[in-house]
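The following exercises ask the reader to reason from a structure to a conclusion. Each task is followed by a worked solution.

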Amino acid sequence: MSIFAILLSLALLMYFAYRGVSVLVLAPILAILAVVLSGQGSESMGIYTQVFMEGMGGFAVKYFPLFILGAIFGKLMEDSGYAYSIAQYIVNKLGDKHALLAVVIACGILTYGGISVFVVAFAVYPIAAELFKQVNIPKRFIPGAISIGAFTFTMTALPGSPAIHNAIPMPYFQTDAFAAPGLGLISAVLMLGGGMLWMNHQLRLAHQNSEGYGTHTLNEKELDLGGKIPNFWIALLPIAIVVGGNYLFSKIIIPLWDNSYLADEKFGGVTLSSVLGLWSIIISLAIACLFVIAFNFKRIKNIADSLNKGATGSLLPIFNTASEVGYGSVIASLAGFAIIQHFLMGIAPNNPIISEAIIVNVLAGITGSASGGLGIALEVMGANYMQLAQQYNIDPQLMHRIAALASGGLDALPHNGAVITMLTICGLTHRESYKDIFVTAVVVPIIALIVVIILGTVFGSF
């Protein structure tokens with residue numbers, strides 16, 4: 001009965017998330033439903049306050065700095081015109097012949113710098129719409145191009161990415177954002193190459209059928225930056241600060257500090273390796289924010305307003321993800337989960353990276369969230385996988401990279417919030433554009449994940 005309760009709860013979570021119900025409402029209700037159906041109804045309030053809220057709060061406390069700094073940085077890059085400048089420069093340089101690739105690269109640079117997909121979509125879409133209209137490329141291809149640059153290789157594969165999907169595994173495997181860089185680069189090439197092959201194939205078919213841009217007009221207007229567009233190279237500096245600073249602080253600077261105090265009970269008795277990656281990203285994002293503010297006092301109309309909107313804009317994403325982690329904590333406390341866990345971890349028992357990839361991918365698909373699925377999986381099974389890595393002499397860096405890559409597969413199913421938001425921004429529907437999103441952000445990343453699992457199994461982490 002407990003297994004049935006878990007499966008029913010997960011099915012309802014996926015269904016109602018697809019119907020647009022907030023996970024902030026769904027997660028506690030469906031968690032308690034699973035508890036009641038499992039025959040533990042008398043414990044429901046205790047489980048809600050002591051298990052659900054503890055899991056939710058623990059995640060929020062640990063990752064809140066990354067969410068708020070990332071959101072503020074994205075807002076500052078948007079309001080300063082830096083994001084628009086980068087996107088426009090790339091599109092202009094690559095030109096009409098490489099319109100699809102130009103949109104992909106523009107999105108990739110922005111998201112690799114830590115800017116959220118929502119800001120990227122707002123910045124890139126007007127430029128992409130104008131370019132596609134000029135060269136008569138169907139507008140329905142814009143979401144597919146954006147998804148390659150924003151939902152795939154920069155989110156989970158490229159070493160050093162400040163994306164939350166690359167940050168969540170760090171405390172569990174005591175790694176940093178540059179874990180398994182060789183495998184990350186290989187998967188990034190596969191995602192970029194595979195996505196572009198698909199989009200170019202679709203473009204050739206459209207041209208053969210004499211399909212043009214279409215008669216779309218929704219949301220098609222130029223951004224008003226209130227003045228001259230910033231210089232591309234200046235606009236690129238904050239992103240260089242995020243990526244370069246992340247490397248310097250994690251590999252060189254922070255290890256030189258006296259970190260012996262972390263062993264004190266006041267600091268939780270942690271090791272430097274368990275916080276090094278988080279510290280590096282936090283410091284790098286903070287410096288990048290200060291850089292944007294310092295160089296844009298006049299350009300940004302109201303810096304306080306940008307900071308406030310960025311800060312408040314971080315709250316919904318972090319609490320959505322944290323609620324899903326709290327939900328996962330409740331599910332993990334039920335008797336039926338032990339059976340499910342035993343079954344899942346028994347898949348390829350001598351190679352835990354396979355079961356890790358499956359669990360993270362499935363949970364990301366159910367929740368419609370890469371960070372949510374990853375957070376749930378590692379919250380309830382991260383310690384087990386670290387133990388298995390030590391038992392089978394697997395480099396924790398490989399476990400980190402597999403977990404991050406696995407979060408970026410089934411997450412982009414139709415009920416994914418970022419997919420829905422992107423289609424809304426572009427003024428398109430699932431019927432018009434989701435096929436390309438599915439191939440570029442679901443199928444191709446899963447293929448890349450399988451390749452990395454094979455390489456990691458044969459050659460280990462590199």
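**Exercise 1. Determine how far helix α5 is covered, and by what.**

Solution. The model is a predicted one.
Step 1. Helix α5 is mostly covered, since eleven of its 14 residues are buried.
Step 2. The buried residues include Ala-99, Leu-100, Val-103, Cys-107 and Tyr-112.
Step 3. Among the elements that cover these buried residues are α4 (82-94), α6 (117-135), α11 (181-208) and α12 (232-256).

**Exercise 2. Check whether the length of helix α5 agrees with its number of residues.**

Solution. Step 1. The helix runs over residues 99-112, which gives 14 residues.
Step 2. The expected span is 1.5 Å times one less than the number of residues, and for α5 this comes to 20 Å.
Step 3. The C-alpha atoms at the two ends are 20 Å apart, in agreement with the expected value.
Step 4. Just after α5, Gly-114 has a positive phi of about 100 degrees.

**Exercise 3. Explain why Cys-107 and Cys-426 form no disulfide.**

Solution. Step 1. A disulfide is a covalent bond between the sulfur atoms of two cysteines.
Step 2. The cut-off for such a pair is a sulfur distance within 2.5 Å.
Step 3. The cysteine sulfur closest to that of Cys-107 belongs to Cys-426 and lies 9.2 Å away, so the two are too far apart for a bond.
Step 4. Cys-426 is likewise in no disulfide, and the structure holds zero disulfides.
Step 5. Cys-107 is buried, with a relative accessible area of 0%; Cys-426 is also buried, at 0%.

**Exercise 4. Identify the residues with the most contacts in the largest nonpolar core, and describe the surroundings of Met-77.**

Solution. Step 1. The largest nonpolar core has 148 residues, of which Tyr-63, Phe-73, Met-77, Phe-132 and Tyr-327 touch the most other members.
Step 2. Helix α3 (residues 44-79) supplies the largest share of this core, with 14 residues.
Step 3. Beyond its neighbours within four places in sequence, Met-77 is in contact with residues including Tyr-82, Ile-86, Ile-115, Pro-238 and Val-292.

**Exercise 5. Describe the positive phi values of Ala-348 and Asn-393 and the setting of each residue.**

Solution. Step 1. Most residues other than glycine have a negative phi.
Step 2. Ala-348 has a positive phi near 50 degrees; this residue is in the loop between α16 (335-345) and α17 (352-367).
Step 3. Asn-393 has a positive phi of about 55 degrees and lies in the loop between α18 (370-391) and α19 (396-407).
Step 4. Ala-348 counts as partly exposed, at 27% relative accessibility, whereas Asn-393 is exposed, with a relative accessible area of 72%.

Note on methods:
Residues numbered from 1 in each chain as written. Predicted model: local features only at pLDDT ≥ 70, side-chain atom pairs only at ≥ 80, totals over all residues. Heavy atoms only, no water. Buried < 20%, exposed > 50% of the residue type's maximum accessible area, 1.4 Å probe, protein only. Helix = DSSP H or I, 4+ residues; strand = E, 2+ residues; numbered from the N terminus. Contact = heavy atoms within 4.5 Å. Core = buried A, V, L, I, M, F, W, Y, C linked by side-chain atoms within 4.5 Å.
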